[in-house]
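Colleague: I have this one open on my screen and would like to talk through its side-chain contacts with you. Could we start with the charged residues and move on from there?

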Amino acid sequence: MPTVEVADLKDDDFLLDVREDDEWRAGHADGALHLPLSEFVARYGELTEAAPADGRVHVICRSGGRSAQVTQYLVQQGIDAVNVDGGMQSWAAAGRPVRDERGGPGHVL
């Protein structure tokens with residue numbers, strides 16, 4: 001499973017958040033594309049439209065389990081995808097900004 005540490009992510013890296021709506025509303029990374037795992041297959045086209053053509057998709061969830069599933073699927077589809085090790089918990093612990101649905105300070109559920 002290809003993985004990346006939060007510390008290795010750059011501000012302009014494409015981030016796909018696969019957590020559910022309540023988790024997203026509580027706190028997410030600015031600029032991330034939100035496609036909940038429960039809706040991922042039905043909304044897959046949104047990813048292919050938004051993802052950079054020659055770039056990597058960095059997949060994130062709360063701790064890394066759901067994002068690992070999506071990463072594996074994307075790799076099988078020929079997409080350059082990596083799982084963000086430790087998920088949003090590691091993101092927040094590293095001091096990266098977490099925003100709620102209104103743009104204010106958020107938290108990881």
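Modeller: Gladly, and please keep in mind throughout that this is a predicted model. A good place to begin is Arg 43, which forms a salt bridge with Glu 39, with 2.7 Å between the closest N and O atoms.

Colleague: Are Arg 43 and Glu 39 buried or exposed?

Modeller: They fall in between: Arg 43 has a relative accessible area of 23%, so it is partly exposed, and Glu 39 is partly exposed as well, with a value of 29%. There is also a third residue to consider, since salt bridges with shared partners join Glu 39, Arg 43 and Glu 46 into one network.

Colleague: How many salt bridges are there in the whole structure?

Modeller: A search of the whole structure gives six salt bridges. One of them is between the side chains of Arg 66 and Glu 23, with an N to O distance of 2.9 Å. This pair links distant parts of the chain, because Arg 66 belongs to helix α3 (residues 65–76) and Glu 23 to helix α1 (residues 21–26), 43 residues apart.

Colleague: And how accessible are Arg 66 and Glu 23?

Modeller: Arg 66 counts as partly exposed, because its relative accessibility is 21%, whereas Glu 23, at 9%, counts as buried. The cut-off matters for this reading, because buried means under 20% relative accessible area.

Colleague: What does Asp 17 pair with?

Modeller: The side chain of Asp 17 meets that of Arg 19 in a salt bridge, at 2.8 Å from N to O, and both Asp 17 and Arg 19 are buried. For Arg 19 the relative accessibility is 0%, and this residue is found in the loop between β2 (14–17) and α1.

Colleague: What else is Arg 19 in contact with, beyond its neighbours within four places in sequence?

Modeller: Leaving those neighbours aside, Arg 19 is in contact with a list of residues that includes Trp 24, His 28, His 34, Cys 61, Met 88 and Val 108. Arg 66, from the salt bridge with Glu 23, is also among the contacts of Arg 19.

Colleague: Changing topic to the aromatics, how many aromatic pairs does the search find?

Modeller: The search of the whole structure finds three aromatic pairs. In one of them, the rings of Phe 40 and Tyr 73 have centres 6.0 Å apart and planes at 90°, so the pair is edge-to-face. Phe 40 sits in the loop between β3 (33–34) and α2 (44–50) and Tyr 73 in helix α3, and this pair links distant parts of the chain, 33 residues apart.

Colleague: Which of these two is buried and which is partly exposed?

Modeller: Phe 40 is buried, with a relative accessible area of 4%, while Tyr 73 counts as partly exposed, at 32% relative accessibility. Tyr 73 also pairs with Tyr 44, where the ring centres are 5.9 Å apart and the planes lie at 85°, so that pair is edge-to-face too. Tyr 44 lies in helix α2 and Tyr 73 in helix α3, so the pair ties together parts that are 29 residues apart in sequence. Ring pairs therefore link Phe 40, Tyr 44 and Tyr 73 into a cluster.

Colleague: What lies over the face of Trp 91?

Modeller: That is Arg 96, at 5.0 Å from the centre of the ring.

Colleague: Now the strands: which way do the side chains of β5 point?

Modeller: In strand β5 (residues 81–84), Ala 81 and Asn 83 point one way and Val 82 and Val 84 the other way, and all of them are buried.

Colleague: And which strands does β5 pair with?

Modeller: Strand β1 (residues 3–4) pairs with β5 in the parallel sense over two bridges, and Thr 3 has Asn 83 as its bridge partner. Strand β4 (residues 57–60) also runs parallel to β5, joined by three bridges, and there the bridge partner of His 58 is Val 82.

Colleague: Last one: where is Leu 16, and what is it in contact with?

Modeller: Leu 16 is in strand β2 and counts as buried, at 0% relative accessibility. Leaving aside neighbours within four places in sequence, its contacts include Leu 33, Leu 47, Val 59, Val 70 and Leu 74. Phe 40, a member of the ring cluster, is also among the contacts of Leu 16, as is His 58, the residue that has Val 82 as its bridge partner.

Technical notes: Residues are numbered from 1 along each chain as its sequence is written. This is a predicted model: local features need pLDDT of at least 70, side-chain atom pairs count only at pLDDT 80 or more; totals for chains, interfaces and linings use all residues. Side-chain values use heavy atoms; hydrogens and water are left out. A salt bridge is a side-chain nitrogen of Lys or Arg within 4 Å of a carboxyl oxygen of Asp or Glu. Buried means under 20% relative accessible area, exposed over 50%, partly exposed in between (1.4 Å probe, protein chains only). Helices (H or I, at least four residues) and strands (E, at least two) are DSSP runs, numbered from the N terminus. Rings of Phe, Tyr and Trp (its six-membered ring) pair if their centres lie within 6.5 Å; planes under 30 degrees apart count as stacked, over 60 as edge-to-face and the rest as tilted. A charge sits over a ring if NZ of Lys or CZ of Arg is within 6 Å of the ring centre and within 35 degrees of the ring normal. Contact means heavy atoms within 4.5 Å. Two strands pair if DSSP finds at least two bridges between them.
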